[in-house]
Amino acid sequence: MKVILLQDIKSLGKKGEIVETAEGYGRNYLLPKKLAKEANAANVNQAKKDQATAAHRAAQAKDEAVVLGAQIEKVVVKMTMRVGDNGKVFGSINSKDVAEALIQQTGLNIDRRKVELKNAIKGLGEYTAVAKLHPDVTSKFKVMVEKE
């Protein structure tokens with residue numbers, strides 16, 4: 001029996017794929033639970049249109065991520081930390097702080113959870129942070145930490 005998946009199913013495939021299943025599995029499990037719909041001519045044509053639309057959207061999202069990544073790579077985020085009399089730094093800077101500073105200084109729309117640091121920043125100097133904008137697109141940018 002051929003069905004069009006309406007959701008990702010681990011053992012079968014991804015949403016929108018047309019797959020061949022056992023007759024009983026399709027009729028007794030997939031169709032009643034609305035995990036799939038029968039693959040008749042009208043549904044197949046609609047599924048192909050939906051796949052083309054999804055591919056177009058994915059390509060657009062990747063192009064936007066590439067443009068945003070090029071803008072981010074040019075940025076140097078400047079941050080300040082309090083330093084004691086003996087040169088010891090108070091506290092640390094984590095990826096959330098860097099993401100907020102990046103958004104505030106550039107005005108770009110970036111998800112805070114996509115900015116990563118290898119380790120928390122616990123000193124003055126220049127560091128490198130990574131922004132994962134898309135599964136295929138990552139951008140590195142510099143973070144300058146100076147004393148207050």
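Modeller: Ground rules first: buried means under 20% relative accessible area, exposed means over 50%, and partly exposed is anything in between, using a 1.4 Å probe and protein chains only. What we have here is a predicted model, where local features need pLDDT of at least 70 and side-chain atom pairs count only at pLDDT 80 or more, while totals for chains, interfaces and linings use all residues. Residues are numbered from 1 along each chain as its sequence is written, and side-chain values use heavy atoms, with hydrogens and water left out.

Biologist: Okay, let's go inside. Which element gives the most to the largest nonpolar core?

Modeller: A nonpolar core here is a set of buried Ala, Val, Leu, Ile, Met, Phe, Trp, Tyr and Cys residues joined through side-chain atoms within 4.5 Å. The largest one has 23 residues, with Val-98, Ile-110, Phe-141 and Val-143 making the most contacts inside it. Two or more residues come from each of α2 (41-73), β4 (76-81), α3 (95-106), β6 (125-134) and β7 (137-147), where helices (H or I, at least four residues) and strands (E, at least two) are DSSP runs numbered from the N terminus. The top contributor, with 5 residues, is α3.

Biologist: How many residues are in the second, separate core?

Modeller: That second core stands apart from the largest one. Its members include Leu-5, Ile-9, Val-19 and Ala-36, and its size is 8 residues.

Biologist: Back to Ile-110. Which residues is it in contact with, leaving aside neighbours within four places in sequence?

Modeller: Ile-110 is among the residues with the most contacts inside the largest core. Contact means heavy atoms within 4.5 Å. With the sequence neighbours set aside, the list for Ile-110 is Leu-68, Ile-72, Leu-102, Ile-103, Val-115 and Leu-133.

Biologist: Now a loop residue. Is Thr-21 buried or exposed?

Modeller: Thr-21 sits in the loop between β2 (18-20) and α1. Not counting residues up to four places away in sequence, Thr-21 touches Met-1, Val-3, Leu-12, Gly-26 and Leu-30. Its relative accessibility is 9%, so Thr-21 counts as buried.

Biologist: And Lys-34, is that one buried or exposed?

Modeller: Lys-34 is another loop residue, between α1 (23-30) and β3 (36-38). Its phi is near 60°, a positive value in a residue other than glycine. At 61% relative accessibility, Lys-34 is exposed.

Biologist: On to charges. How many salt bridges does the rule give?

Modeller: Side chains of opposite charge can pair when their charged atoms come close. The rule wants a side-chain nitrogen of Lys or Arg within 4 Å of a carboxyl oxygen of Asp or Glu. One of them joins Glu-23 and Arg-27, at 3.3 Å from N to O. The full count of salt bridges is 6.

Biologist: Which helix holds both Glu-23 and Arg-27?

Modeller: Glu-23 is partly exposed at 44% relative accessible area, and Arg-27 is partly exposed too, at 41%. The two residues are 4 apart, about one turn of the helix, and that helix is α1.

Biologist: How far apart in sequence are the parts that Glu-100 and Arg-112 tie together?

Modeller: Their closest N and O atoms are 3.9 Å apart. Glu-100 is partly exposed at 34%, and Arg-112 is partly exposed at 43%. Since Glu-100 lies in helix α3 and Arg-112 in the loop between α3 and β5 (115-116), the pair ties together parts whose separation in sequence is 12 residues.

Biologist: Which strands does the pair Glu-126 and Lys-142 link?

Modeller: These side chains meet in a salt bridge at 3.4 Å, N to O. Glu-126 counts as partly exposed at 49%, as does Lys-142 at 42%. The two residues are 16 apart, and the strands are β6 and β7.

Biologist: Last topic, pockets. Which element gives the most to the lining of the largest pocket?

Modeller: On a 1 Å grid over the protein atoms alone, a pocket is an open set of points where a 1.4 Å probe fits, with protein on both sides within 12 Å along at least five of seven lines; lining residues have an atom within 4 Å of a point. The lining here includes Lys-15, Lys-37 and Asp-50. β1 (2-5) and α2 each supply at least two lining residues. The biggest share, 4 residues, comes from α2.

Biologist: How much space lies in the second largest pocket?

Modeller: Among its lining residues are Tyr-127, Thr-128 and Val-130, and β6 gives the most, with 3 residues. Grid points are joined across faces, edges and corners, and volume is the space filled by probe spheres set on the points. For this pocket, that comes to about 160 Å³.
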